[in-house]
Structures are given as structure tokens and as C-alpha cells.
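Trainee: I should like to learn how charged pairs and nonpolar cores are read from a structure. May we work through an example together?

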Amino acid sequence: MQDLIHIIRQQLVLCLRLYELTREQQNALVNTAAPAVQRLTKEIEAVVIDLNRLEKKRRDFLQQQGSRDAASWVAVQPEGLEKNMALQLLEKQAGLLQKLKEASGNNLQYLNKNIEYIDYNVNVMTCTAAGVTYGTPGDNGGMPVQGSKMFEANV
């Protein structure tokens, strides 16, 4: 039981750090601070890698115990202080993961708005309507709608 509690505690600490970084990233996206977003994304990636490593340890531990789910394994353990602690940690972790899911969804919306803003500005500057990718063969031969290329030297 102590091994599982130790793993859950480590995961909880990493989830808290991930939540903090996600909130900082949200502020950077709102303020369109690209260098900060890039730095925070790298930090988030490192935390996610550590979380994946811990999740693998957790799965291996539970597999050795003959269980697939931590909550169900803890539920069948004898009553005691360790069981109560494990249940509380699992509950905190579930709540934090829900908050993290909501914050990540908000960040995705902010990121999509920033991409739309950039596309709009590029289209206004070039007086053409172009998406983020190259055209397909059926859409005017892959040429711009206005007849000028997006990155022409004389634009």
C-alpha cells in the first residue's frame, strides 16, 4: 500500500505543477506572449513525460497486485489509515485532473483564436484568401483566389 501511496503522491505533485504551468500558459496565450508560450510548452512537455513514467510504475504495481484500477484495489484493502490516505489522494488527484482538463480546453480555444487572428492578418496584408496549408488541385490549381501569391516580392 505504501508503494501506491508514494506513486500517487508523486503524481499529485506533478499534476499540481502541470496545472500551474497550464494557468501560466493561459495567461501567456491571452497576452499573446509567444516566447513565454514556447517556454511553458517545453516545461509542460517535461512534466507530462514524468507523469507518463509514474503512470507506468502505477500500472505495473497494480498489475502485480492483480488489479487494473487503483481505486478498486484500494477499496478491497483492509480498513486503516493507509487506506483512508490513499482514497483521499485519489480523490484529490481526480479533482485536479478535472481542473486540468478544463484549463487545457480553454488553452486550446485561446490558441485557435490566435491562429485565426494570424490567418486574418496574413490574408489582409496579401489581399488574398488562403488557408494554413497549400491549396488542393481542385481549388483553382492551388493558386490564390486573388491571383497574387501570398509571398510575392512586390506585395
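Mentor: Certainly. Please keep in mind that this is a predicted model. A salt bridge is counted when a side-chain nitrogen of Lys or Arg lies within 4 Å of a carboxyl oxygen of Asp or Glu. By this rule, the structure has five salt bridges.

Trainee: With which residue does E20 form a salt bridge?

Mentor: The partner of E20 is R17, and their closest N and O atoms are 3.5 Å apart. Both residues belong to helix 1, which spans residues 2–30, and they are three residues apart, about one turn of the helix.

Trainee: Is E20 buried or exposed?

Mentor: The general idea is that buried means under 20% relative accessible area and exposed means over 50%, with partly exposed in between. E20 is classed as partly exposed because its relative accessibility is 42%. R17 is likewise partly exposed, since its value is 33%.

Trainee: With which other residue does R17 form a salt bridge?

Mentor: R17 also pairs with E43, the closest N and O atoms being 3.0 Å apart. This pair links distant parts of the chain, for R17 is in helix 1 whereas E43 is in helix 2 (residues 34–65), and 26 residues separate them. E43 has a relative accessible area of 25%, so this residue is partly exposed.

Trainee: What is the salt-bridge partner of E79?

Mentor: E79 pairs with K83, and the closest N and O atoms are 3.0 Å apart. E79 counts as exposed because its relative accessibility is 64%. K83, at 7%, therefore counts as buried.

Trainee: Which residues are joined into one network by salt bridges that share partners?

Mentor: That network consists of R17, E20, R39 and E43.

Trainee: Let us turn to the nonpolar residues. How many residues does the largest nonpolar core have?

Mentor: A nonpolar core is built from buried residues such as Val, Leu and Trp, joined through side-chain atoms within 4.5 Å. Here the largest one has 26 residues, and those with the most contacts inside it are L4, L18, V47, L51, W73 and V74. At least two residues of this core come from each of helix 1, helix 2, helix 3 (70–75) and helix 4 (81–126). Helix 1 gives the most, with ten residues.

Trainee: Which residues does L18 touch, not counting residues up to four places away in sequence?

Mentor: Under that condition, L18 touches I44, V47, V48, L51 and L100.

Conventions
Residues are numbered from 1 along each chain as its sequence is written. This is a predicted model: local features need pLDDT of at least 70, side-chain atom pairs count only at pLDDT 80 or more; totals for chains, interfaces and linings use all residues. Side-chain values use heavy atoms; hydrogens and water are left out. Helices (H or I, at least four residues) and strands (E, at least two) are DSSP runs, numbered from the N terminus. Buried means under 20% relative accessible area, exposed over 50%, partly exposed in between (1.4 Å probe, protein chains only). Contact means heavy atoms within 4.5 Å.
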